[in-house]
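Me: Got a minute to walk through a structure with me? I'd like to start with a pocket and then go to the packing.

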Amino acid sequence: MGVFGEELMACAALVQVGPARQAFWALYERGEDRLRERTHMLLGRDAVELERGRMRIRDAGLELDLALEEDAGFQARCAHGRGEVWTRKQAGIRARGTLSLKGSTAQTVDARAVIDDTAGYHARHTEWWWAAGVGTSPDGAELAWNLVSGVNDPATGSERAVWVDGAPSEAPPVNFSADLRKIHDQQGHELRFHAEAERRRRENLVLIRSDYRAPFGTFSGTLPGGIALAHGLGVVEHHRAVW
């Protein structure tokens, strides 16, 4: 899941691919321009707790504890290679709680979040581009989005979605620029991304290889389908994997 606010952005995940398990988190303090992160493959995976209605990170002198106003989400089930993938996305949901950093007073967090639940049998060689975020329209409507290319992306029945005041609808197919700075739909609408801090990681576990970059940042322009964005916060990711 990802949490996006004016003062901080954060992500946390629990991952399982066959017998391999991983937990990771990242926290970007925008005012300090500081990115903290940890990845745990064996020991320390309990640093991240994700359960219905709650996210908690306790690691490296940091504790982020958030209550999440979850909803039914936007679901898709798509073929991929010889298998299929199920996913449920929630976007724009409220995330409220506290952030405590070692040696400092706890601060209140009131932000919006995107939650990604995914399970499936991906093709052995998988590559995708993904963007998720929250924002507002020029007339004050609350917006959120989940956009993808490379996986779960048929022309219809995909996981692509745009939320307007909490109501999701499927977005049209999109393409990402190689530098992750622009996302286009077939009608020429352009969503622009400005990176502020980047999480990047490469792993080679013999049977499983993964290489990705995932910058936090701001969005501007127009969402797929033609919805104008006055201000946006979120993340873009490019991921290559061999399972």
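**Pocket, cores and rings**

Reply: Sure. About 170 Å³ of space lies in the second largest pocket. Bear in mind that this is a predicted model.

Me: Which elements give two or more residues to the lining of that second largest pocket?

Reply: Strands E10 (107–120), E11 and E19 do. The lining residues include Phe4, Arg94, Asp110, Val134 and His231.

Me: And by class, what's in the lining?

Reply: An even split: 4 nonpolar, 4 polar and 4 charged residues.

Me: OK, packing. How many residues are in the largest nonpolar core?

Reply: It has 25 residues, and Phe4, Val114, Trp130, Trp163, Phe216 and Val235 have the most contacts inside it. E11 gives the largest share, 4 residues. There's also a second, separate core of 23 residues, with Ala12, Leu27, Ile57 and Val109 among them.

Me: What does Trp163 touch further off in sequence?

Reply: Leaving out residues up to four places away, its contacts include Phe74, Lys89, Leu143, Trp145 and Pro168.

Me: How many aromatic pairs are there in the whole structure?

Reply: The search finds 4. In one of them, Trp145 and Phe219 have ring centres 5.2 Å apart and planes at 80°, so that pair is edge-to-face.

Me: Why does that pair tie together separate parts?

Reply: Because Trp145 sits in strand E12 and Phe219 in strand E18, 74 residues apart in sequence.

Me: Is Trp145 buried or exposed?

Reply: Buried, at 0% relative accessible area. Phe219 is buried too, at 4%.

Me: What about Phe193 and Phe219?

Reply: They make a tilted pair, 4.9 Å centre to centre with 50° between the planes. Trp145, Phe193 and Phe219 form one aromatic cluster.

Key:
Residues are numbered from 1 along each chain as its sequence is written. This is a predicted model: local features need pLDDT of at least 70, side-chain atom pairs count only at pLDDT 80 or more; totals for chains, interfaces and linings use all residues. Side-chain values use heavy atoms; hydrogens and water are left out. A nonpolar core is a set of buried Ala, Val, Leu, Ile, Met, Phe, Trp, Tyr and Cys residues joined through side-chain atoms within 4.5 Å. Buried means under 20% relative accessible area, exposed over 50%, partly exposed in between (1.4 Å probe, protein chains only). Contact means heavy atoms within 4.5 Å. On a 1 Å grid over the protein atoms alone, a cavity is a set of points where a 1.4 Å probe fits but cannot get out, and a pocket is an open set with protein on both sides within 12 Å along at least five of seven lines; lining residues have an atom within 4 Å of a point. Grid points are joined across faces, edges and corners, and a volume is the space filled by probe spheres set on the points. Ala, Val, Leu, Ile, Met, Phe, Trp, Tyr, Cys and Pro count as nonpolar, Asp, Glu, Lys and Arg as charged, and the others, Gly among them, as polar. Rings of Phe, Tyr and Trp (its six-membered ring) pair if their centres lie within 6.5 Å; planes under 30 degrees apart count as stacked, over 60 as edge-to-face and the rest as tilted.
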